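Colleague: Got a minute for this model? Put it up and let's start with the helix packing.

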Amino acid sequence: MPEESGEPVPAARPVIGDAEIDAVVRVLRGGRVVQGPEVAAFEEEFSALVAGRHCVAVNSGTSALHLALLALGIGPGDEVIVPSFTFAATANAVRLAGAEPVFADIEPGSFCLDPDAAAAMITHRTAAVMPVHLYGHPAAMDRFAALAGRHGLALVEDAAQAHAASLDGVPAGALGTAGCFSFYPTKNMHTLEGGMVTTADAGTARTLRLLRNQGMAERYANEIVGANLRLTDVAAAVGRVQLGRLAEWTERRRANAAFLDAKLTGAVPPPVAAGARHVYHQYTVRVREGREAMRRHLDGRRIGHAVYYPTPVHRLPPFLRDGVPDPRWDLPETDRAAAEALSLPVHPALTGAELARVADAVNEGAAA
């Protein structure tokens, strides 16, 4: 197969346009650049995306996860059930809070944590369950809510990839005890870097605000031990611009995904559960055989792609026991997904011609 002569089709294309640049300049000229009026406005505007919940902006998605756990009182001696097929930040946040991640398997279809697998891992030490809305597909939060209710557990959504996703009409970030978003540049919207915690509980929101700001609600009146995990007004200004375009970008992602669903014959498209609104942070297919050959073919056709995530978290060095995975973690669906998953371009900047090139390249690679 000859190499593609056209321009590369990037796997992702972060947006930083004139509107974002103008917003940054406006903030810099105004002089209020940290935890000021832009952050407050961004939190208020983001609240509309999560059914009116309290929103607390922080400096990263990892900080959002970490502070959500701390604000819910989770720490040493506690266990938090998480998937292993995710970015390491999910489990890192648990460790940073002083608790231990307990890994459960994923569903064979959605790539999200399996409620039955999670239920099997509950012990007297379990304090929370943290499903991940992976790739923009909401986890089975109705079943997780029932599970958490039966056992008195906190339910923390890792919604880092799920801005504007929903389940049965309820938005991600409003499905659990707390929701955590990331605003990294390649996410569906960004603030250059940042995060957000959402919660229905005013007391939890106040604790989050203390934790992000050295334990202070008023200057020099420290109430608890906190850290400096604030979002800058520069970042919030970018986020406000991006939030204003999120609905448009989301529909483009969903339309691009629908095109690929219809055209792909060389890979298994991502399934969508009943009632789920997938927002396609990634368009992740399964290549049952020959994934590395497919990747080489896509490289030759200049089609961007990525494997998220090649090594399940329970197999990463920080989470091994005596150099090997803990024998409790028998996760066949996780291992299968790590061997088969391949993410293709789906971002809203794609042209129709680029989408056609993606589909053709995948189909050609499977037939080769």
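Modeller: H3 and H4 cross in a right-handed way. Right-handed means the near helix is turned clockwise from the far one by less than a right angle. Helices are DSSP runs of H or I, at least four residues, numbered from the N terminus. The model is predicted: local features need pLDDT of at least 70, side-chain atom pairs need 80 or more, and totals for chains, interfaces and linings use all residues. Residues are numbered from 1 along each chain, and side-chain values use heavy atoms, without hydrogens and water.

Colleague: Which residues make the contact?

Modeller: From H3, Thr62, Leu65, His66 and Leu69; from H4, Ala89, Thr90, Ala93, Val94 and Leu96. Contact is heavy atoms within 4.5 Å.

Colleague: What angle do H3 and H4 pack at?

Modeller: About 40 degrees, with the axes 8 Å apart, for H3 (residues 61–71) and H4 (residues 89–96). H3 and H4 are therefore oblique: not under 35, over 145, or 65 to 115 degrees. Axes are lines fitted to C-alpha atoms over the stretch in contact, with angles from 0 to 180 degrees between N-to-C directions.

Colleague: Switching to pockets. How much space lies in the largest one?

Modeller: About 430 Å³. A pocket is an open set of points on a 1 Å grid where a 1.4 Å probe fits, with protein on both sides within 12 Å along at least five of seven lines; lining residues have an atom within 4 Å of a point.

Colleague: Which lining residues are closest to its centre?

Modeller: Phe87, Ala160, Gln161, Ser182 and Lys187, out of 23. H3 gives the largest share of the lining, 3 residues.

Notes:
Helix = DSSP H or I, 4+ residues; strand = E, 2+ residues; numbered from the N terminus. Points joined across faces, edges and corners; volume = space filled by probe spheres on them.
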